[in-house]
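Student: I have a structure open and would like to talk it through. Could we begin with its pockets?
Tutor: Certainly; let us look at it together.

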Amino acid sequence: MAKLYINEKNKKAHIEPEIYGHFSEHLGRCIYEGLYVGENSDIPNVNGMRKDVVGALKEMQIPVLRWPGGCFADEYHWKDGIGPKETRKKMINTHWGGVVEDNSFGTHEFFELCEQLGCKTYVNGNVGSGSVQEMSEWVEYATFEGVSPMADLRKANGHEEPWKIDYFGVGNENWGCGGNMTPEYYGNLYRRYQTYIRQYRKDAPIKKICCGANVADYFWTENVLKTCTAAPQPGGGSNPGFMDGLSLHYYVHPGGWQNKGSATDFDDKIWYQTLSRATYMEELIERHGAIMDQYDPEKKIGMMVDEWGCWFDVEPGTNPGFLYQQSTMRDALVAGITLNIFNKHSDRVKMACIAQMVNVLQAVILTEGPKMILTPTYHVFHMYKYHQDADLVESFVEGNKTIGEEDEFQVPQISESVSVSADGTVNITINNLSVTENVPVEVSFAELLPSRVEAAILTGKMCAHNTFDEPENVKESVFNDFETKDGKLSFTAPACSVISFRVN
């Protein structure tokens with residue numbers, strides 16, 4: 001038996017809603033067909049946005065959306081995507097599939113989508129092939145309400161009031177597709193570019209995000225921070241890097257970058273390899289976080305894991321540049337493990353964006369023409385949504401055995417995190433990572449005597465997934481197979497399962 005001990009009185013950190021964020025890039029069918037079908041489509045839409053997709057995302061309580069990339073961000077010139085659609089420039093999407101990008105989804109459409117979703121906005125600017133002026137004018141166009149060339153242009157294009165940019169990313173993956181830069185070179189560019197992201201709206205300041213490392217590139221983290229924190233603030237004191245956030249990117253590939261493997265056809269060995277690589281996220285957060293602590297001991301700079309998730313081979317017969325893959329219970333467990341890790345490190349992790357929202361990589365939604373299905377990953381985000389804006393509390397598992405097929409890819413059988421909402425509800429998310437073994441679990445609280453318990457479960461065979469012919473093979477269900485006795489909550493977690501509890 002595994003025993004989960006919870007001290008609901010010991011609050012460790014606040015879980016920002018943005019940890020449950022999402023990423024949308026001009027890649028494959030994420031934007032076009034997935035989110036946006038155009039105002040004249042036969043598919044039900046509101047101002048071009050798919051009603052079914054928007055409705056599902058709102059139910060999931062999406063807190064923030066990152067756009068327009070990704071690698072696409074550093075070749076995107078925002079003025080190509082404004083004005084009458086028939087006159088917008090067309091371009092070749094050189095990163096993703098070599099298809100024509102007609103720019104019919106641009107700045108106005110992104111803010112319209114976020115307004116429909118009720119989520120915060122995260123705009124990623126172009127450092128790799130763009131200028132300081134271009135980035136500065138984009139911020140002016142979007143957020144300035146006075147008289148200026150860019151504000152006047154926005155009004156002429158039909159939007160009188162300014163929008164709100166909650167987060168602005170100064171470049172993307174500038175160590176790679178965003179320019180193949182050295183950390184010192186990028187750090188100096190960041191200092192320059194961020195200067196011109198003006199805070200036009202004092203009621204809605206923009207949080208600036210610096211391009212951080214790829215996976216375990218601790219040299220990048222060290223030298224970008226060293227470069228960006230070298231100057232004192234006006235009036236004295238250290239300057240925490242002219243930034244509010246530093247990004248981190250990590251994708252799970254079972255066999256490494258060159259051997260991603262099938263999204264749906266795998267065995268127990270590959271299952272544990274994948275989950276083991278998912279648990280590596282914790283080491284990355286701790287080691288990058290230790291470097292950040294040297295330059296930012298007060299944790300003013302948030303770690304923004306704005307690209308994460310599973311990256312497998314594309315589905316057979318699809319464009320390899322579209323990165324379209326299915327989502328199984330394996331993806332659900334990767335999501336559960338990763339979100340638990342983010343919760344546990346919410347003192348430093350302030351945002352995370354799974355890649356990507358629709359039809360690309362570890363998507364929460366897949367579409368095919370007018371059809372839409374929810375993936376197992378969607379259900380995990382739906383079950384975990386109660387952690388948003390709650391307080392992480394102390395918890396640990398006694399008797400949590402190690403499992404796996406090989407010594408190199410051992411994982412704990414149980415992954416968990418616990419939070420307390422503002423109304424006092426205790427939120428527990430727990431995963432059984434075993435392919436075959438159920439595990440009895442006993443939950444003890446410091447003071448709480450459970451009087452009301454609600455629970456949901458997602459479970460199935462490891463390769464189980466939803467298709468357009470069978471859209472509910474894997475879905476969230478009510479979980480009633482538990483008991484409360486002597487102040488404790490007891491249940492058996494089935495093999496390959498994600499369970500969430502809400503306890504009062």
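Student: Which strand gives the most to the lining of the largest pocket?
Tutor: That is strand 11, residues 245-252, which contributes four residues to the lining. Please keep in mind that this is a predicted model.

Student: How many residues line the largest pocket, and which lie nearest its centre?
Tutor: The lining has 24 residues, and those nearest the centre are Asn 214, Tyr 251, His 253, Trp 257 and Trp 311. By class, the lining divides into 13 nonpolar, seven polar and four charged residues. The space in this largest pocket is about 370 Å³.

Student: You named Trp 257. What lies over its face?
Tutor: Lys 260 does, at 4.0 Å from the ring centre. There is also Arg 66, which lies over the face of Phe 23 at 4.5 Å from the ring centre.

Student: Back to pockets. How much space lies in the second largest one?
Tutor: About 300 Å³. Its lining has 15 residues, and Glu 282, Ile 341, Pro 412, Ile 414 and Ser 415 lie nearest the centre.

Student: Which elements give two or more residues to that lining?
Tutor: They are helix 7 (268-295), helix 8 (329-344), strand 16 (391-398) and strand 19 (414-420). This lining of the second largest pocket comprises seven nonpolar, four polar and four charged residues.

Student: New topic: how many aromatic pairs are there?
Tutor: The count comes to 30 aromatic pairs. In one of them, Trp 138 and Phe 168 have ring centres 6.2 Å apart and planes at 85°, so the pair is edge-to-face. An angle over 60 degrees is what places a pair in that class.

Student: Where in the chain do those two residues sit?
Tutor: Trp 138 is in helix 3 (residues 132-143) and Phe 168 is in strand 9 (residues 167-170), 30 residues apart, so this pair links distant parts of the chain.

Student: Is Trp 138 buried or exposed?
Tutor: Trp 138 has 5% relative accessibility and therefore counts as buried, since the limit is under 20%. Phe 168, at 0%, also counts as buried.

Student: What about Trp 308 and Phe 381?
Tutor: They form a stacked aromatic pair, 6.4 Å centre to centre with 25° between the planes. Trp 308 belongs to strand 12 (residues 302-310) and Phe 381 to helix 9 (residues 376-384), 73 residues apart. Both Trp 308 and Phe 381 are buried.

Student: Last one: in what sense do strand 24 and strand 25 pair?
Tutor: Strand 24 (residues 482-485) and strand 25 (residues 488-493) pair in the antiparallel sense, over four bridges. Lys 485 has Lys 488 of strand 25 as its bridge partner. Two residues lie between the strands of this hairpin, and Asp 486 takes a positive phi near 55°.

Terms used
Residues numbered from 1 in each chain as written. Predicted model: local features only at pLDDT ≥ 70, side-chain atom pairs only at ≥ 80, totals over all residues. Heavy atoms only, no water. Pairing = 2+ DSSP bridges. Phe/Tyr/Trp six-rings, centres within 6.5 Å; stacked < 30°, edge-to-face > 60°. Buried < 20%, exposed > 50% of the residue type's maximum accessible area, 1.4 Å probe, protein only. Lys NZ or Arg CZ within 6 Å of the ring centre and 35° of its normal. 1 Å grid on protein atoms, 1.4 Å probe; cavity = no way out; pocket = protein on both sides within 12 Å on 5 of 7 lines; lining within 4 Å. Points joined across faces, edges and corners; volume = space filled by probe spheres on them. Nonpolar A, V, L, I, M, F, W, Y, C, P; charged D, E, K, R; others polar.
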